[in-house]
Amino acid sequence: MDLKENCTYVMHNFKVIKNNGQYRVCDHQFKLVFIGVTVVRECVLGDIPFRKYRFAGFADVVAGQFERGLFVDVIGVVEEVVFRQVSGKGRRVVFKLKDLSQQFLSCTWWNDYCLQFLKFLDDYEGDGPIIVLLSHCTIKEAQGSYPASINNSFKASKLIINQPVMEIQEFNERLAELGIEARSGFKSHGEGSTQLLGSIQLSSKESFFGKAEAKTIVDINTISEKLFVTVGTITRIVLDNHSWCYTTCIQCHKKRDAEMAPFRCACSKYNKEVVLRYRLEVMINQGNESTKFLLWDRECSELIGQSADAVNKLKIEDGDVDLNASPQALDKLLGHELAFKIKVQPKFRNSAVLKCSADSSMINAVMDMLADAETSSKMDIPVSDFNHSAQHESQSLSVTADHDSMLGLALTPTKRQTFQDCDDEAGTSQI
């Protein structure tokens, strides 16, 4: 509380350590750490210059030519708002900045910085360019299909938009001198805005791929926990030691052992009735090889076209009251050729499906990402055996968190087999 920006101080009694933390505000070899006996005294020292911004060159960031972990400053003109989310957790805005060399750079600003930026856009009624200056930014390296980008730091960044500070005024003058065109308005609800209230999505391909690499399942089998995309066809429902669904709390979606209602969940939510959610293991074929994927509620609901509760009610109406009995509606999953985004989980000997898509352009895009289309048709991940059933029981159901909705097409179903039948297949005989 004693320190104010642009004031000068004499300070004593520091601990000196190496400046090698995860994030650094300057490139000095050492840093000073305040301790219990540090003394701070304000003193007028006219010879100390004001802080000068260290603006990062956009081209250098895109090319990966920057010092990792060192905070930088950025200044540029807003070119396009790509994505914004203002409700729920993780409020963020993604937009493109353009510098004086007309190089574009992706920026992602979170929480208070996101709201401050979007409020300015909504209130702005001028016809000139929108120039932003953000201090103490972190540079996020390019990953997969995502380019390098700029993020605000948690609390250290300072956001200045179209204010009469020297750096913004000089940037605006250079824009005019160079004849660089810039957009002037970005209303949240106006034409060309990308905002949707609630759950907001990027383009389908950007949302689907994310940071995932394209890998054949042969490759996935040898790699530790990571995200990947691949293509395959659902050919069988695997009837293992798990039921096709599980009972949950209506609010937190955590698994409940009790099948009777009413009950009060550990999250304090009172449930008048039990809610069912899908948890289903399926065999995925590609060429002559097969493997087992784990489908959760979102993907099953989209592909089947019915919730787990609705399917169970129909099953009960047909006289089958055993929750563990597999309903006929599950056959709607069979025959789908899909692009999958999966998380490999060696600990549980399976791959959890995070997203899936029946869109042909998405499937072709994944196939194009694979190094060799012919090699990508070979799939080989050993299926879990019964010796690990106890371990499977402990698997977290937290993967049922929100995923993007994907369309499914009802194709001609093939035969549904038990896990023992699948185990005899040549493609999984290695176990």
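In this predicted model, Glu-177 is exposed, with a relative accessibility of 56%. Its salt-bridge partner is Arg-174, and the closest N and O atoms of the two residues are 3.0 Å apart. Arg-174 is partly exposed, at 38% relative accessibility. Both residues belong to helix α3, which spans residues 166–178, and they are three residues apart, about one turn of the helix.

The count of salt bridges comes to ten. One of them joins the side chains of Arg-24 and Glu-67, with an N to O distance of 2.7 Å. Arg-24 is placed in the loop between β1 and β2 (30–42), whereas Glu-67 is placed in the loop between α1 (58–62) and β3 (72–85); the pair therefore ties together parts that are 43 residues apart in sequence. The burial of the two partners was also computed. Arg-24 is buried, with a relative accessible area of 11%, while Glu-67 is partly exposed at 43% relative accessibility.

Another salt bridge is formed by the side chains of Asp-73 and Arg-51, at 3.0 Å from N to O. Asp-73 sits in strand β3 and Arg-51 in the loop between β2 and α1, so this pair ties together parts that are 22 residues apart in sequence. Asp-73 is buried, its relative accessible area being 1%. Arg-51, by contrast, is partly exposed, with a relative accessible area of 39%.

Two surface patches are described next. The first to be considered here is a patch of negative charge on the surface, in which Glu-317, Asp-318, Asp-320 and Asp-322 gather. Asp-322 is located in the loop between α7 (308–317) and β16 (337–345). This residue is partly exposed, with a relative accessible area of 42%. A nonpolar patch on the surface is formed by Leu-3, Met-11 and Phe-34, which together have about 270 Å² of accessible area. Within this group, Leu-3 is found in the segment before β1 (9–18). Leu-3 is partly exposed, and its relative accessible area is 48%.

The cysteines were examined for disulfides. A disulfide is a covalent bond between the sulfur atoms of two cysteines. The search of the whole structure finds zero disulfides. Cys-252 is in no disulfide, and the nearest cysteine sulfur, which belongs to Cys-265, is 3.6 Å away. The cut-off for a disulfide is a pair of cysteine sulfur atoms within 2.5 Å, so the sulfur atoms of Cys-252 and Cys-265, at 3.6 Å, do not qualify. Cys-252 is partly exposed, with a relative accessible area of 27%. Cys-356 is likewise in no disulfide; for this residue the nearest cysteine sulfur is that of Cys-300, 8.3 Å away. Cys-356 is buried, with a relative accessible area of 2%.

Cys-300 itself is placed in helix α6, residues 297–304. Cys-300 is buried, and its relative accessible area is 0%. The C-alpha atoms of Cys-300 and Tyr-278 are separated by 6.5 Å, although the two residues are 22 residues apart along the chain.

Contacts across the sequence were also computed for the end of helix α8 and the loop that follows. Met-369 lies in helix α8, which comprises residues 360–369. Met-369 is partly exposed, with a relative accessible area of 35%. Its C-alpha atom is separated by 9.1 Å from that of Val-229, a residue 140 positions away along the chain. Leu-370 is placed in the loop between α8 and α9 (389–393). Unlike Met-369, which is partly exposed, Leu-370 counts as buried, at 5% relative accessibility. The C-alpha atoms of Leu-370 and Val-229 are separated by 9.2 Å, with their positions 141 residues apart along the chain.

Note on methods:
Residues numbered from 1 in each chain as written. Predicted model: local features only at pLDDT ≥ 70, side-chain atom pairs only at ≥ 80, totals over all residues. Heavy atoms only, no water. Buried < 20%, exposed > 50% of the residue type's maximum accessible area, 1.4 Å probe, protein only. Patch = residues over 30% accessible without salt bridge, like charges linked within 9 Å, V, L, I, M, F, W, Y side chains within 5 Å. Areas by Shrake-Rupley, 256 points an atom, 1.4 Å probe, with all protein chains shown as cover. Salt bridge = Lys/Arg side-chain N within 4 Å of Asp/Glu carboxyl O. Lys, Arg positive; Asp, Glu negative; His and termini not counted. Charge placed at Lys NZ, Arg CZ, Asp CG, Glu CD. Helix = DSSP H or I, 4+ residues; strand = E, 2+ residues; numbered from the N terminus.
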